[in-house]
Amino acid sequence: MARLEIRQDEPKPLTPRQTRLNEQAREIAQQFTAASISQTLLVGAVRLIDAALVLASAAIAYAVTLGPLSGLSWAYPLAAGLGVLLLLIFAQAADAYHVVAFRSVGGQLGRILGAWTLVFAGFGALGAFLDFGGAIDRRWLGYWFVFGAAVLLVAHVWLAVLVKRWAVQGRLGRKAVIVGGGEPAAELIRALEATPGNDVHICGVFDDRSNDRSPAIVAGYPKLGNIAELVEFGRLAHIDLLIVTIPVTARGRVTEILKTLWVLPVDIRLSAHTDKLRFRPRSYSYLGSIPMVELAEKPIANWDYVAKRTFDLVVGSLCILLTAPLMIATAVAIKLDSPGPVFFRQKRYGFNNEVIEIFKFRSLRHEMADPEAKTVVTRNDSRVTRVGRFIRRTSIDELPQLFNVIKGELALVGPRPHAVNAHTSDTLWNDVVDGYFARHRVKPGVTGWAQINGWRGEVDTPEKLKKRVDHDLYYIENWSILFDLTILLKTPISLAKTDNAY
């Protein structure tokens, strides 16, 4: 994949703070606030549901014809498994597992019921040539065919209704914004609209140039603002794809734009369909037949997201059960040590720069609580209680954030969420480190790669913050379930090092 090289001496990016959008841009953003539904996940989910329905109908057919499942012989599970496999193969061959097919009730019912009929035609052919010694009751096969056809029919009619609704809402497919206006953007839009089966829904155009250089309307789509405003628009509208139409030969400007926009958890691609500079074929990805150069990829997407969320729910629930006695004891100790609530809530930056409220055990005196993080906790800080000093050093104060994990606001592993007003020497952290907000392209975590490498506790110098951010970005680029598990297993060991925690 071709990547642009970023030099330190090139222009600094625009600060990715919230920017007041014009009324038109805000109205359009509000139309797309619902998150997009990944077509990859949708197709995979439909396959899994079809497989589950086929197995369930097989079990019901057995109960109706032969009685309780306790008397099940080996032949029936084997036949049911073979039926699932054949259905998925025949349905795939019939193009039943495509979003275009999902939108048509008649089209998808014909495909899926045709595939189901072929499954039993296959069973019939096997029975004609092979003697199974009566291992499978033919009545079961008949009932299974009828029940399976019925549940598949109902499920796919319901699917068609849902898909049509999602299409009207603009949730099905990728929501895209064009970066850069003028004729190059117009050519790209026309090419996308002419691409069969295109799943890209264009929300508008953003360009820093004035209307005399970049028209207010590009191929029927409005110019909604400048690049700084695009960051806020992308966050509100849950954009999936940014397509940059500025020529790659304008390297400085492309780099500046990239450094501004890479804070968004989206795919960023450089349109190459009108560019005279050609890369090797392997350097391109394609939207239909339109060549693109990938500048940034959305991290932890599709099935990776499902795997990570499942990991968080399962392991997070287990951690809550295991640490429940410790959390109860901590709550009692806090109550006995000083007056005030057990828990402390603080607003922090979460995924996509959205502000979340995290839970912690209270470690400061209640009357000196600092929910806005205006004053950093330092060594021998008089605001910290006796119990608070211990739970801060051991990070027990962070345990209630496991409930944020279950709620979906945090992950078990990820960049640590920092307070909204976190600062060093009166300078906000996003002003201290270039690209700071890029760490919010994934969900923040209870623990992280930076923390197990010793970068936890007080951040009193820009160098310490930069080390944290560097580790966070490394984690994002190299994520895997195994990496998460490794970090979790190393976390207790790293907590024993309390040099920077107080």
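These legends go with a handful of close-up views of a predicted model.

**View 1. The bend in helix α10.** Start with α10, which runs through residues 303–337 and bends by about 55° at T323. A proline, P325, follows within four residues of that bend. T323 is also one of the buried residues of α10, a list that includes K308, R309, F311, G316, I320, M327 and I334. Among the elements covering the buried residues are β10 (355–361), α11 (386–393), α15 (462–477) and α16 (481–495).

**View 2. The largest nonpolar core.** Here we look into a core of 36 residues, where L42, L87, F102, W116, W140 and W144 touch the most other members. Helices α2 (39–66), α3 (75–93), α4 (99–102), α5 (105–129) and α6 (138–169) each chip in at least two residues. The largest share, nine residues, comes from α6.

**View 3. Around W144.** Zoom in on W144 and look past its sequence neighbours, up to four places away, which are not counted here. W144 then touches V54, S57, A58, A61, A79, A80, G83, W116, F120 and F123. Apart from the core in the previous view lies another one, of 32 residues, with A237, I239, L242 and V254 among them.

**View 4. Stretches annotated as transmembrane.** An unreviewed UniProt entry gives the annotation "transmembrane region" to residues 41–64, 76–100, 112–130, 142–163 and 313–334. Take residues 142–163: this span is 100% helix, and its end C-alpha atoms lie 31 Å apart. For residues 76–100, the span is 80% helix and 0% strand, with end C-alpha atoms 35 Å apart.

**View 5. The hairpin of β9 and β10.** Strand β9 (residues 343–349) runs antiparallel to β10, and seven bridges join the two. One pair to look for is Y349 with its bridge partner in β10, V355. Five residues sit between the strands, and in this hairpin N352 takes a positive phi near 60°.

**View 6. Two positive phi values in one loop.** Most residues other than glycine have a negative phi. In the loop between β8 (290–296) and α10, I300 goes the other way, with a positive phi near 50°. N302, found in the loop between β8 and α10 too, has a positive phi of about 55° although it is not a glycine. Are these residues buried or partly exposed? I300 has a relative accessible area of 14%, so it counts as buried, the cut-off being under 20%. N302 is partly exposed, at 30% relative accessibility.

Terms used: Residues numbered from 1 in each chain as written. Predicted model: local features only at pLDDT ≥ 70, side-chain atom pairs only at ≥ 80, totals over all residues. Heavy atoms only, no water. Bend = angle between axes of the 7 residues up to and from the residue. Buried < 20%, exposed > 50% of the residue type's maximum accessible area, 1.4 Å probe, protein only. Contact = heavy atoms within 4.5 Å. Core = buried A, V, L, I, M, F, W, Y, C linked by side-chain atoms within 4.5 Å. UniProt positions renumbered as here; feature names shortened; annotations may be inferred. Pairing = 2+ DSSP bridges.
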